[in-house]
Amino acid sequence: MNAPLQHPPPTRTTCPYCGVGCGVLARPDGAGGAAISGDPEHPANFGRLCSKGSALGETLGLERRLLHPMLRAADGELRQASWDTAIARVAEGFAATLTKHGPDSVAFYLSGQLLTEDYYVANKLMKGFLGSANVDTNSRLCMASSVAGHRRAFGSDTVPGSYEDLDEADLIILVGSNAAWCHPVLYQRIVANRRARGAQIVVIDPRRTASAEDADLFLPIAPGMDTALFSGLLVHLADTLALDYVYIERHTTGLGDALARAREIAPDLEATAAATGLDAADVRRFFDLFRANARVVTCYSQGVNQSAQGTDKVNAIVNCHLATGRIGKIGMGPLSLTGQPNAMGGREVGGLANQLAAHMDFSPLDVDRVARFWDAPNIARREGLKAVRMFEAIERGQIKALWVMATNPAVSLPRAASVRRALGKLDLFVVSENVSDNDTVNAGAHVLLPAAAWGEKDGTVTNSERRISRQRPFLPLPGTARPDWWIVTQVARRLGLTDAFPYERPAEIFREHAALSAFENYGTRDFDIGAVAEIDDQAFDALAPMQWPARRHEPPSARMFARGGYFTNDGKARLVAVEKPAPRAATSRQFRFRLNTGRVRDQWHTMTRTGLSPRLAEHLPEPFVEVHPRDAAHAQLVDGGFARVSTAHGACVLKVVLSVGQQRGSLFVPIHWSDATASSARVCDLVAPACDPYSGQPEAKATPAAIAPVTFQYAGFALGLAAGDLPGDTWWAHVTVPNGAGFLLASDAALERWRGHAAAAFAGAEIAEYSDEGVYRVAAFRGGRLAGCVFIGPQTAPPHWDAVKPLFAAQALGPDERRAVLSGKSPDGRSDNGPQVCACFGVRLGAIREAVDAGARTAEDIGVALRAGTNCGSCLPELRRILEQARAALPVVAK
Ligand code: SF4
């Protein structure tokens with residue numbers, strides 16, 4: 001009798017995308033992939049995953065991986081090198097630059113994708129031993145304003161509450177947060193509270209996003225006016241005697257000045273409505289809701305942070321919670337939703353240029369304390385340059401040696417094209433990366449270091465509720481890739497710093513990090529994980545998710561500040577007198593619009609990982625600009641056409657999407673596309689470098705912009721080609737499809753040119769062609785498979801690829817299928833079932849429409865019929881909107 005099959009237990013790890021920090025169970029399939037599911041025991045998600053997390057198993061391929069160190073040779077080519085040679089080049093390059101130009105000439109640019117252990121070692125090397133604080137991170141673009149706001153109010157960068165508060169609140173306010181798409185698992189938790197307990201949801205956003213679909217009250221605030229709204233709320237609470245004077249007296253200072261300033265900004269309800277562009281009745285309802293519900297959680301994200309007044313926005317929100325004592329208690333408090341998986345971990349180790357380490361800054365006492373702990377007499381003694389200023393210093397030639405780890409600044413920083421040019425001026429440009437090809441790598445890196453990716457990494461991350469979780473490896477390191485902490489450690493040792501960098505495993509780094517957090521910490525610093533400073537390697541491997549603070553001999557604490565205890569000199573929180581809100585740059589006749597940037601549901605950052613999943617590519621495959629229909633009519637733009645969006649800093653050509661959810665006068669463009677994935681869609685090229693004066697965070701949501709129509713004669717798609725195979729002036733967007741790469745195209749190139757390019761690209765293949773007036777289709781077959789194709793037609797009626805993609809994915813085609821290729825129809829005669837709505841089950845708009853026609857009246861009905869919306873729930877807002885459109889007898893469209 002055969003023995004029963006033994007399946008090894010899954011590896012418990014943590015999702016590498018957003019700051020929700022969901023627990024993941026990964027079961028390797030033995031062929032380089034893994035089956036992925038949510039960890040039912042992780043307190044961030046209790047088994048749920050969103051569409052991005054669910055598709056992690058599709059992103060583990062090695063096709064684009066950087067597998068070996070590469071050095072740029074004298075002829076300009078990158079050549080494979082040994083680790084020994086690469087480490088020597090980096091160490092000698094930094095040493096030579098320091099000797100010649102001093103500590104201000106070197107910099108590290110890190111990432112919220114790094115693990116805490118990676119971050120700790122990099123920060124220690126630069127600030128402790130190279131003597132410069134020029135260490136900043138892409139978290140500067142994400143939540144630096146929340147950090148600055150917390151430090152002004154609390155004296156520390158503390159998130160006071162927990163996710164549990166979202167289950168217990170009676171009122172949940174989302175400010176500048178499309179949580180339905182950007183923090184989907186938390187959003188579903190909020191919606192579950194609404195269903196189970198009747199919690200009310202208020203969404204405050206200039207755009208009517210998917211998050212507004214479940215809102216009891218949606219406030220389409222004028223861009224940048226959040227400070228005015230929360231100033232008006234503070235005034236209203238004071239005037240209606242709704243302040244908690246006991247809490248204020250015992251635990252805060254600054255109410256008088258904060259309230260006086262709030263009265264200047266928004267003296268009453270009508271003034272608040274006028275300043276924010278909202279209906280007075282809606283403002284009253286919001287104020288009444290806040291006043292009536294003690295249990296209020298206010299969640300804020302990039303719409304608040306990415307602003308030249310982001311810190312004031314945070315403090316205007318926090319002021320209302322402090323003044324009502326709604327903080328640190330069950331179901332109440334301000335809650336910053338961090339964008340990245342380890343933005344919080346980076347803050348813990350001091351990964352920002354204005355932090356030193358372990359939530360200590362550059363005060364003489366802190367510098368002395370950390371210098372003694374690290375035995376680092378050469379420690380940096382003043383703040384370094386924050387991200388935008390760091391890259392300006394590179395542009396000026398002041399910074400000459402830069403090491404970028406796990407991020408893509410040539411895409412994501414404001415004025416990205418200038419950043420890319422500046423990188424070319426560096427004497428030494430080192431990039432630690434997973435992928436061999438992205439815009440930063442292609443900006444002329446001298447040294448490429450292959451870093452471990454998710455699934456291979458081993459260490460910790462911290463989510464938005466201060467919860468530290470393990471990322472554990474379940475795949476072998478490919479090629480000669482190594483973890484980031486190991487790479488930095490080797491460079492430090494080559495610089496003669498072996499004693500300070502003795503690490504052989506991440507547990508050693510974690511213990512040191514934890515010990516530093518507790519070093520001379522007498523309850524005087526918020527970040528303290530001394531309770532785990534002496535755990536052994538086995539306990540580190542088994543570490544369960546834990547929240548900080550976790551002080552020695554004290555129970556962990558899920559909430560902070562209910563009874564004061566702020567980390568200021570007098571232990572009291574500060575209410576802050578915020579400035580009157582005003583956008584940094586004015587619009588003009590030339591640039592009449594405001595350009596807002598953000599994320600889409602199924603992609604992450606610059607798509608180096610999510611872009612590998614065909615399933616995730618289905619939702620919104622092309623870079624687009626969202627425009628209000630009346631603005632579009634005025635500018636002669638049509639839905640599905642193209643537009644050139646420009647600012648004083650650059651321009652992109654994008655697909656036009658009309659949306660009544662978009663405010664008049666503003667444009668929305670997603671951040672995800674780069675030169676590696678589209679011909680003209682790197683939107684951060686267009687973003688101005690205006691920064692918040694306290695946080696240094698750039699204003700990514702309000703750059704003055706213009707929009708104009710662009711016409712192409714032809715549009716279509718290609719499969720099985722590379723971007724270099726297309727006519728040079730083609731507009732293209734790269735899309736991962738099953739079994740390869742696809743391109744969505746638009747072009748003025750004559751059909752004969754397309755024929756010539758296809759002939760060259762498919763040389764040696766068996767060719768089938770169809771050509772008619774304004775239409776050209778060519779298919780190439782090799783070994784019984786469809787090796788590639790190009791379909792071009794009029795831009796007003798472009799060919800769709802839904803029926804052709806499965807044929808491209810098939811290992812072998814039968815005669816009927818082969819005949820069907822050029823028809824653009826599947827062998828059963830169906831050509832197109834519309835865009836995908838549910839990524840988990842691949843449910844398309846056409847199927848949903850059929851279910852509605854057959855009687856589905858609720859999202860739950862659709863779930864029963866098609867399973868759509870029954871897994872991660874990320875598409876539920878879209879299902880409800882489609883049902884809404886059907887009820888109103890509007891044309892049903894997917895967004
Ligand atoms: S909400 Fe989605 S992207 Fe964020 S951590 Fe959870 S699974 Fe990952």
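How many bridges join β23 to strand β26, and in which sense do the two strands run? Five bridges join β23 to β26, which covers residues 703-710, and the two strands run antiparallel. The structure discussed here is a predicted model, and the points below go through its strands, a sheet with its helices, the surroundings of a ligand, and some individual residues.

**Strand β23 and its partners**

- Strand β23, made of residues 642-647, is mostly covered, since five of its six residues are buried.
- On the way from β23 to β24 the chain passes through a hairpin of two residues, and the two strands pair in the antiparallel sense over six bridges, with β24 spanning residues 650-658.
- Individual bridge partners can be named for both pairings: Val645 is matched with Cys652 in β24, while Ser646 is matched with Ala706 in β26.
- In a regular strand, the side chains point alternately to one face of the sheet and to the other.

**A sheet of six strands**

- An open sheet is built from six strands in the order β28-β29-β27-β32-β31-β30, and the pairing within it is antiparallel.
- The edges of this sheet are formed by β28 (731-737) and β30 (766-772), and because each of them has a single partner strand, one side of each is left without a neighbour in the sheet.
- Neighbouring strands of the sheet are turned against each other by 10° on average, when direction is ignored.
- The edge strand β30 is joined by seven bridges to β31, residues 775-782, and these two strands run antiparallel; within this pairing, Tyr770 has Arg777 of β31 as its bridge partner.

**Helices on the sheet**

- Helix α25, residues 751-761, lies across β27 (714-719), β29 (740-747), β30, β31 and β32 (785-794), and the helix runs at about 5° to β31.
- Helix α27, residues 815-823, also packs on the sheet, where it touches β30, β31 and β32, and its direction makes about 150° with that of β31.

**Around the ligand**

- The residues around the ligand include Cys15, Tyr17, Cys18 and Cys22, as well as Cys50, Lys52, Pro184 and Val185.
- Two elements, α1 (51-54) and α7 (184-197), give two or more residues to this shell.
- By character, the residues of the shell divide into nine nonpolar, two polar and one charged.

**A buried asparagine**

- Asn305 lies in helix α13, which covers residues 302-305, and this asparagine counts as buried because its relative accessible area is 0%, which is under the 20% cut-off.
- Leaving aside residues up to four places away in sequence, Asn305 touches Cys142, Met143, Ser145, Ser146, Gly310, Val314 and Gln697.

**Backbone details in loops**

- The peptide bond from Trp548 to Pro549 is cis, with omega near 5°, and Pro549 is placed in the loop between β19 (546-547) and β20 (573-574).
- Glu520 has a positive phi of about 50° although it is not a glycine, and this residue sits in the loop between α21 (506-518) and α22 (537-541).
- Is Glu520 buried or partly exposed? With a relative accessibility of 22%, Glu520 counts as partly exposed, because this value lies between the 20% limit for buried and the 50% limit for exposed residues.
- Arg867, likewise not a glycine, has a positive phi of about 75°, and its place is in the loop between α29 (859-866) and α30 (876-887).

Technical notes. Residues are numbered from 1 along each chain as its sequence is written. This is a predicted model: local features need pLDDT of at least 70, side-chain atom pairs count only at pLDDT 80 or more; totals for chains, interfaces and linings use all residues. Side-chain values use heavy atoms; hydrogens and water are left out. Helices (H or I, at least four residues) and strands (E, at least two) are DSSP runs, numbered from the N terminus. Buried means under 20% relative accessible area, exposed over 50%, partly exposed in between (1.4 Å probe, protein chains only). Contact means heavy atoms within 4.5 Å. A residue is near a molecule or strand if one of its heavy atoms lies within 4 Å of it. Ala, Val, Leu, Ile, Met, Phe, Trp, Tyr, Cys and Pro count as nonpolar, Asp, Glu, Lys and Arg as charged, and the others, Gly among them, as polar. Two strands pair if DSSP finds at least two bridges between them. Axes are lines fitted to C-alpha atoms, for helices over the stretch in contact, and angles run from 0 to 180 degrees between N-to-C directions.
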